[in-house]
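Hi everyone, thanks for making time this morning. Let me put the structure up on the screen, and then we can walk through it together.

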Amino acid sequence: MRIALKYGLLITLGVIAWVVVMHLLVPDPRSPVHGLGAGIFINLLHLAGDYLAIKTRKIEAAGELSFKSGLKTGMATALVFAVSASLFFLVAILSVGPKLMAGEPGAENLPVWQAALGAFLGLFVGSLFFGLIYSTVISFFLAKPQRS
């Protein structure tokens, strides 16, 4: 659990840094930097964090990583990331206000709570979904082959 906590929080810190820096440099929330750019950056960061977490688990296990152990480590990392990133965005929306959500399609026509709920569900479920994909692929390549 320590590995998942470490790397999941590191992914979240990277996301926080991206959001803060990009909103300072590009204040228009409808800019592609906040949509496509953020999506690409966050997914690469998530992939790298999952890889490092699973690789660390393998090193701690003296190179004897099972597929199941790698998958569990990656999913735990994704869960920590999903929860901590959602909490960050909750605090950001409560402190900065709904203008942070202005880049979401159709968000301007919804009450703030509905737009925020949709964004949180998307972030949380998306993080777990991509975490499952990333963990599966990484574990497949890093796990020790089973002997018959």
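Let's begin at a loop: Ala62 sits in the one between α2 and α3. Please keep in mind throughout that this is a predicted model. Is Ala62 buried or exposed? With a relative accessibility of 65%, Ala62 counts as exposed, because the cut-off for that class is over 50%. The backbone there is worth a look too: Ala62 is not a glycine, yet its phi is positive, at about 55 degrees. For background, most residues other than glycine have a negative phi.

Now let's step back to the whole chain. There are 4 helices and 0 strands, so if you trace the sequence on your screen you'll read the pattern α-α-α-α. Of the 148 residues, 36% are buried. And if you take contacts between residues at least 6 apart in sequence, 78% of them join residues at least 24 apart.

Next, the helix pairs. Ala62's two flanking helices make a good start. Helix α2 covers residues 33–60 and helix α3 covers residues 67–96; their axes come within 9 Å and cross at roughly 135 degrees. Why do we call that pair oblique? An angle of roughly 135 degrees is not over 145, the cut-off for roughly antiparallel, and it lies outside the 65 to 115 range for roughly perpendicular, so α2 and α3 count as oblique. The crossing is right-handed. On the α2 side the contact uses Ile42, His46, Gly49, Asp50, Ala53, Ile54 and Arg57, and on the α3 side Ser69, Gly70, Thr73, Gly74, Thr77, Ala78 and Phe81. Sorted by class, that contact has 5 nonpolar, 7 polar and 2 charged residues.

Compare that in your mind with the next pair. α1 and α2 pack at about 160 degrees, with axes 9 Å apart. Those two helices are therefore roughly antiparallel, and their crossing is right-handed. The residues in this contact divide into 13 nonpolar, 7 polar and 4 charged.

That leaves α1 with α3. Here the axes come within 8 Å and cross at roughly 40 degrees, so α1 and α3 are oblique to each other. This crossing is right-handed as well. The α1 side of the contact includes Tyr7, Gly8, Ile11, Thr12, Val15 and Val19, while the α3 side includes Thr77, Phe81, Phe88 and Phe89. How many charged residues are in the contact of α1 with α3? There are no charged residues; the contact has 15 nonpolar and 5 polar.

Some of those names come back when we look at the nonpolar core. In soluble globular proteins, nonpolar side chains tend to be buried together. In this model the largest nonpolar core has 16 residues, and Val15, Val19, Phe81 and Phe89 touch the most other members. α1 (2–25), α2, α3 and α4 (112–142) each supply at least two residues, with α3 giving the largest share, 6 residues. If you'd like one residue to click on, try Phe81. Setting aside neighbours within four places in sequence, Phe81 contacts Gly8, Ile11, Thr12, Val15, Ile42, His46 and Ser127. There is also a second, separate core of 5 residues, including Ile54, Leu65, Tyr134 and Ile138.

Let's go on to two serines in helix α4. The first is Ser135, which lies in α4 and is buried, with a relative accessible area of 0%. Beyond four places in sequence, Ser135 touches Asp50, Ile54, Leu71, Gly74 and Met75. The second is Ser139, also placed in α4. Is Ser139 buried or exposed? Its relative accessible area is 0%, and the cut-off for buried is under 20%, so Ser139 is buried. With neighbours within four places left aside, Ser139 contacts Ile54, Phe67, Gly70 and Leu71.

One last stop, back in α2, is Leu52. Leu52 has a relative accessible area of 40%, so it is partly exposed. Which distance separates Leu52 and Tyr7 in space? From C-alpha to C-alpha they are 7.4 Å apart, although their places lie 45 residues apart in sequence numbering.

That's my tour; happy to rotate the view for anyone who'd like another look.

Definitions and conventions. Residues are numbered from 1 along each chain as its sequence is written. This is a predicted model: local features need pLDDT of at least 70, side-chain atom pairs count only at pLDDT 80 or more; totals for chains, interfaces and linings use all residues. Side-chain values use heavy atoms; hydrogens and water are left out. Axes are lines fitted to C-alpha atoms, for helices over the stretch in contact, and angles run from 0 to 180 degrees between N-to-C directions. Angles under 35 degrees count as roughly parallel, over 145 as roughly antiparallel, 65 to 115 as roughly perpendicular and the rest as oblique. A crossing is left-handed if the near helix is turned anticlockwise from the far one by less than a right angle, and right-handed if clockwise. Contact means heavy atoms within 4.5 Å. Ala, Val, Leu, Ile, Met, Phe, Trp, Tyr, Cys and Pro count as nonpolar, Asp, Glu, Lys and Arg as charged, and the others, Gly among them, as polar. Buried means under 20% relative accessible area, exposed over 50%, partly exposed in between (1.4 Å probe, protein chains only). A nonpolar core is a set of buried Ala, Val, Leu, Ile, Met, Phe, Trp, Tyr and Cys residues joined through side-chain atoms within 4.5 Å.
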